[in-house]
Amino acid sequence: MRQLYWILPFLFLLASAFIVKKATHIKPKESFFTNVPEPSDICNHPNNNNYFMVSDNGYLFEVDENGQIIRKADFEGFDCEGVHADENFVYVVEEMVRKIRVFDLNTLELVRTVHLPYQGGRNKGYEAITFNKAKNRMVILTEKDPIYLFELNEDLSIYNEILLDGIARDISAATYHADHLWLLSDEDRTVFKLDPNNYKVLAAWKFPIINPEGLVFNKKDQMVIVSDDMEKFFIFETPLP
Amino acid sequence: MRKLILVVLLIIAYVPTNAQLSLGNGQHVLEITGGVSTYYNQRILKETSDNKNKDRFRLRDAQLQLEGRYKNTIAYELQVDFVDLASFATGAIDPENPGLMDAFVTYKGLGFMDIQMGYGKLFYSRSSLVPFQYTTFWQRAQIVRGDMFSRRDVGITLMSDFWRQRINLYGGVYTGLGELSIRGDNDASGQPEFVGRIDIAYPSRFRYRDIDDKITPIPMFQLGVNGRYANKQLPEGRSFPAFSTGEFGLKVINGERYLYGMDAAFQYMGFSAQFEIHQMHAIPQLENDALFQGLPIDQTDGFVLAGGYVTQLNYHYRPWKSIISLRFEELDLNDLVPGNSQRLSIGAAYQFRGFDSMLKFQYFRILREESIDPIRWTEQFRIGWQYNFK
């Protein structure tokens with residue numbers, strides 16, 4: 001009976017191995033460089049095939065479908081980590097200073113700034129922003145330790161807080177596509193497909209890309225992942241297996 | 001006792017670590033982090049020794065770190081270790097674990113280059129630059145612990161990066177007294193030390209880490225070279241401040257001192273490896289300098305060489321949250337003395353919450369020792385817990 005106590009830590013180790021979520025492995029079918037420095041997120045332009053991208057060093061860009069800069073907002077932030085665009089505005093989250101910057105879609109002029117205080121780690125703040133159509137609410141997510149998903153009101157104030165700890169080691173991007181919420185994890189190099197109503201993980205895919213920071217589905221329904229360290233676009237075939 | 005250990009392990013496993021805090025006003029952000037680590041040490045002594053004073057529990061770290069940024073132009077850091085603060089004011093400073101660890105301000109407003117001023121880690125030796133909490137070991141390799149060359153100093157550093165941060169350049173000038181510099185005055189020579197480093201990584205930037213905790217899907221490499229120079233010729237009758245020359249009398253010498261180093265790192269799919277080598281070329285100004293070991297000038301040619309290397313292999317098996325490391329090191333403290341020392345270390349870690357809550361074990365074995373650095377033990381075991389609130 002006394003030996004039983006020593007079995008428990010090993011059972012704990014073994015259990016740890018099975019707690020890790022199993023994911024399907026996928027590979028990109030093509031890749032190309034972007035000239036956006038240190039890209040940290042990407043979203044679709046609502047009216048054409050272009051994208052909006054933000055960079056770690058605080059800039060907002062519009063880029064073409066090949067990732068080449070078309071124009072740049074006359075704005076210098078701290079560290080832009082998430083971007084989302086609708087018919088009228090481009091929304092940018094700044095991680096360190098906990099702000100949402102709202103830009104006019106056509107002129108890329110800053111029209112509004114909202115401060116959303118959050119006392120977590122300096123580099124573990126807001127990392128992703130997108131619009132959850134199922135709930136008709138904007139959502140923003142913190143990166144890690146812990147991972148929070150905040151549902152926002154129309155005025156961008158916080159409406160609801162959901163703890164997503166355990167889903168991944170971190171979250172680096174979010175997007176809404178085909179009636180689901182999609183999250184990207186940099187440290188786990190995994191894309192998660194979530195039920196947008198209860199935020200439960202429905203499926204997960206692992207991929208071999210260094211420092212993935214941006215996630216979007218383009219107008220051809222292809223999944224696009226942007227690597228920060230590599231400054232590169234990676235295109236995946238969809239539907240995903 | 002076994003029940004007690006089991007209970008402690010289970011408590012550790014479920015202690016939350018999301019304790020990092022930051023304060024901000026939209027332009028200025030201040031982050032508060034820290035950590036505590038403690039271990040039990042057990043030595044196997046030589047038959048000639050009966051002093052078991054190192055068989056004990058020890059609090060290694062009790063750190064508090066304040067890290068801030070003002071707009072895009074100023075970054076700063078202040079880090080202290082309360083365990084070592086008491087000895088910092090008067091006694092010998094442990095260069096691996098000094099009381100004051102960082103106190104610097106970085107100006108980032110130039111864009112093409114950052115300027116760092118104050119006291120902090122020198123950009124010399126990749127292994128020294130790896131934060132201690134990101135390793136499986138309880139002690140750094142002998143050659144990079146700060147006994148042969150200083151790891152911290154007061155001065156100014158210029159730093160820049162190119163090619164998507166794959167190339168990093170550092171250059172700076174410092175007092176040359178290393179960790180002792182914080183006490184105020186320079187030595188009687190009044191001369192500084194110059195330090196420079198360049199490293200290049202491929203296919204992406206490579207952070208100063210030993211363990212591949214991201215299970216990198218593409219092989220990554222980094223190569224670095226660094227050098228430092230000081231010409232501290234003391235006026236006759238003067239001596240260096242107490243403790244500044246270090247345990248082996250090599251950190252600061254009365255004369256010219258060149259130090260060169262090269263390092264390489266690799267990581268892929270949880271495997272990682274590091275290699276690092278250093279050589280010191282010392283030219284003491286006095287023929288009767290202790291470094292010459294009493295030998296005549298025609299035998300020494302007026303200079304002394306010292307150096308060594310360390311190589312390390314690591315594997316991180318993420319499903320089991322486990323890391324294992326193997327390290328081999330060789331050190332020659334003086335080429336005028338025959339022989340060198342060799343050590344082997346095995347490190348193992350279990351991550352309850354990544355590096356922020358980790359059980360660490362290290363086994364040391366002395367394979368060979370140098371006559372001018374006798375050691376009273378042959379093997380050593382160290383096991384403990386590292387907890388960071390960050």
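Let us begin with the open sheet that four strands of chain A form in the order 7-8-9-10, with antiparallel pairing. I should say at once that the model is predicted. At the edges of this sheet lie strand 7, residues 80-85, and strand 10, residues 110-115, of chain A, each of which pairs on one side only. From one strand to the next, the twist averages 20 degrees.

As a general reminder, the strands of a sheet pair through backbone hydrogen bonds, in either a parallel or an antiparallel manner.

Which strand is joined to strand 7 of chain A by five bridges? The partner is strand 8 of chain A, residues 89-94, and the two run antiparallel. Within this pair, one residue match may be picked out on the display: H84(A) has Y91(A), in strand 8 of chain A, as its bridge partner.

I turn now to the second sheet of this presentation. In chain A, four strands in the order 11-12-13-14 make up an open sheet, and the pairing here is antiparallel. Its edge strands are strand 11, covering 126-132, and strand 14, covering 158-163, of chain A; each has a pairing on one side only. The twist in this sheet averages 20 degrees from one strand to the next.

How many bridges does the pairing of strand 12 and strand 13 of chain A extend over? There are three, linking residues 137-142 of strand 12 to residues 148-152 of strand 13 in the antiparallel sense. To locate this pair in the structure, one may look for L141(A), whose bridge partner in strand 13 of chain A is L149(A).

Conventions. Residues numbered from 1 in each chain as written. Chains lettered and ligands numbered in written order. Predicted model: local features only at pLDDT ≥ 70, side-chain atom pairs only at ≥ 80, totals over all residues. Heavy atoms only, no water. Pairing = 2+ DSSP bridges. Axes fitted to C-alpha atoms, helices over the stretch in contact; angles between N-to-C directions.
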